[in-house]
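Here is a protein to explore together. Have the sequence and the 3D view ready, and look up each residue as it comes along.

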Amino acid sequence: MTTGSAFISARTLSQGFHDEIIRPLLAGIPYAAGLLGWGSDVLGYDTERSMDHGWGPRLHIFVDAYQVDHATAAVEAGLPEEYRGHPVRFGWDTQEPVHHITITTVDAWLKEHLGVLNGRHLSLQDWLVTPQQKLLGVVAGQVYADDGRLQVVRDEFRWYPDDLWRWMIACQWSRIAEEETFVQRTSEVGDELGSRIVAARLARDLMRLALLMERTYAPYTKWLGTAFSELGHPDGLDRDLEDTLKAGTSPERERALTSAYRKAAIRFNALRLTAQVDVEPHQFHERPAIVLGAGRFVEASLEAVKDQKVRDLGLVGAIDQFADNTDVLSNPKAYRKLISIYEK
C-alpha cells in the first residue's frame, strides 16, 4: 500500500528512481535497466487503482554474470526507504514487503521469464508455446539504460517470423470459420444464450485477429480490449463488435458480425500477403445464415506460408489460440510441456 501520494505512472516513477537512485549506485558498471516482465505497469495501463497493492518503483537490471554480486551489493547498500512518497519495499496482499530491483543477466532472466533455453534465439517450438503476454513483457516495457545487451534481445523478440505469423493468421481465421454459422443455428433452436456466447467468442477472435494483422502481441484478458482500442479503428470495426455484444436478437447479432467480418477481410487484403480474397458475406448454403466463409481466408493464408515445417503444423494454432488458462499461460514450466503438441 502506498502512503497516499498522488498517482503517476509506474513507468514515470521507475524512470526517476533509476535516474536519481540506481544510476549513481552503479557508476562504473556496464548495464541495462528497464521496467519489464509482468504487470499492467509494464504495459503502461496502470491507474490510481493499481496503487492499492504490489505497486511502486520496480526495475530489472542486467549486468554480466561476474558483476551480479557486486551490483547487488551496491544497490542493496544504497536503497532508500521511500521514493517520492512511495515505499521502495512493498508486497502483495499478505506478503512481506521487499524491494523489487532485480539484478541478473539477460539470459538468466529470459530463462526465468519465458522458460527458453537459448535467450538469444527462439526456436520454432519456443515461439509456438510462449504466450504473447510473456513476449510483451520483454518488448513492451520502458528501457531506462542500455549498453546494447537488451536492445538486441528486444529486436529479436519484437514479432514472430513471417511464415509463423502468416500461419497464425490462418489459424485465427480457422477459429472464426469453425463457429461463424453457430450464431444463427443456436438461435434457431431457441438457445438465445448460446447464440450470445458464440457471438461473444467470435468478437474476441476478431479482436485477436486484428491485433495479429497489426503485428501487435495480445496482452492477457484484462487488457485485451485496451490493446485493441489502441489500434485505432477508422473503419468502425470496434463499433461493430460493440453492436454484436449489445444485439438483442440473432438477426441483429448476425448483421453486426458480418459487418465486422467484412472489415477484417478488407484489412487482411490490405496486407497483400496473398491474392485478393472476396470480402463479401453470403448465405451459408441453403440455410438462413449469413457468413463470411472464413475458410477462404484460411486457405489463402496457408498458401502464403513457404516453410514446410510450419505448413505441416496443421491448424492447431500457437498457444494463445488453443489455451486460455491463467495457470498455464503465466507459468513457463507448465506451458513448455505443450511443446509435445507440435512434435511428430
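This report goes from the whole chain to some of its residues and the links between them.

## The chain as a whole

Keep in mind from the start that this is a predicted model. The protein chain holds 17 helices and ten strands. Along its principal axes, the C-alpha atoms fill a box of roughly 75 × 45 × 35 Å.

How much of the chain is buried? Of the 344 residues, 52% are buried. Contacts tell us about the fold too: among those with a separation of 6 or more, 72% join residues that are 24 or more positions apart. When you follow the chain through the 3D view, look for places where distant parts of the sequence meet.

## The surface and its charges

About 16,100 Å² of the protein chain is exposed, and carbon and sulfur atoms supply 51% of that area. You can find a nonpolar surface patch of about 220 Å² made by V316, F322 and I341. One of these residues, I341, sits in the segment after α17, a helix that covers residues 332-335. I341 counts as partly exposed because its relative accessibility is 39%.

Now for the charges. The chain carries 38 positive and 49 negative side chains. The centres of these two sets lie 3 Å apart.

## Three buried residues

Start with I29, in the loop between α1 (10-25) and β1 (32-35). Is I29 buried or exposed? With a relative accessible area of 7%, I29 is buried, because the cut-off for that word is under 20%. Leaving out residues up to four places away in sequence, I29 touches V63, Q67, H70 and A71. Take Q67 as an example: I29 and Q67 are 38 residues apart along the chain, while their C-alpha atoms are separated by 7.8 Å.

Next comes S250, in helix α13, which runs over residues 250-270. S250 is buried as well, with a relative accessible area of 9%. Which residues does S250 touch, not counting those up to four places away in sequence? They are V183, Q184, S187, E192 and S195.

The third residue is W173, which belongs to helix α8 (residues 162-179). W173 has a relative accessible area of 0% and is buried. Not counting residues up to four places away in sequence, W173 touches L209, Y261, A264, A265, F268, L292, A294, F297, V298 and S301. Compare that with A108: W173 and A108 are 65 residues apart in sequence, and their C-alpha atoms are 36 Å apart in space.

## Salt bridges

How many salt bridges does the count come to? It comes to 18. Let us visit some of them.

In one, the side chains of D19 and R23 meet, with an N to O distance of 3.3 Å. D19 and R23 are about one helical turn from each other, because they are four residues apart in helix α1. D19 is partly exposed at 32% relative accessibility, and R23 is partly exposed at 38%.

Another salt bridge joins the side chains of R89 and E81, at 3.4 Å from N to O. Here the two partners fall into separate classes: R89 is partly exposed, with a relative accessible area of 27%, while E81 is exposed, with 59%.

E280 and R262 form a salt bridge too, and their closest N and O atoms are 3.0 Å apart. E280 lies in the loop between α13 and β9 (282-283) and R262 lies in helix α13, so this pair ties together parts that are 18 residues apart in sequence. Both partners are partly exposed: E280 has a relative accessible area of 37%, and R262 has a relative accessibility of 33%.

Salt bridges can also link up into a network, as they do for D64, D147 and R149. Try picking out these three residues in the 3D view to finish your tour.

Technical notes. Residues numbered from 1 in each chain as written. Predicted model: local features only at pLDDT ≥ 70, side-chain atom pairs only at ≥ 80, totals over all residues. Heavy atoms only, no water. Helix = DSSP H or I, 4+ residues; strand = E, 2+ residues; numbered from the N terminus. Buried < 20%, exposed > 50% of the residue type's maximum accessible area, 1.4 Å probe, protein only. Contact = heavy atoms within 4.5 Å. Areas by Shrake-Rupley, 256 points an atom, 1.4 Å probe, with all protein chains shown as cover. Lys, Arg positive; Asp, Glu negative; His and termini not counted. Charge placed at Lys NZ, Arg CZ, Asp CG, Glu CD. Patch = residues over 30% accessible without salt bridge, like charges linked within 9 Å, V, L, I, M, F, W, Y side chains within 5 Å. Salt bridge = Lys/Arg side-chain N within 4 Å of Asp/Glu carboxyl O.
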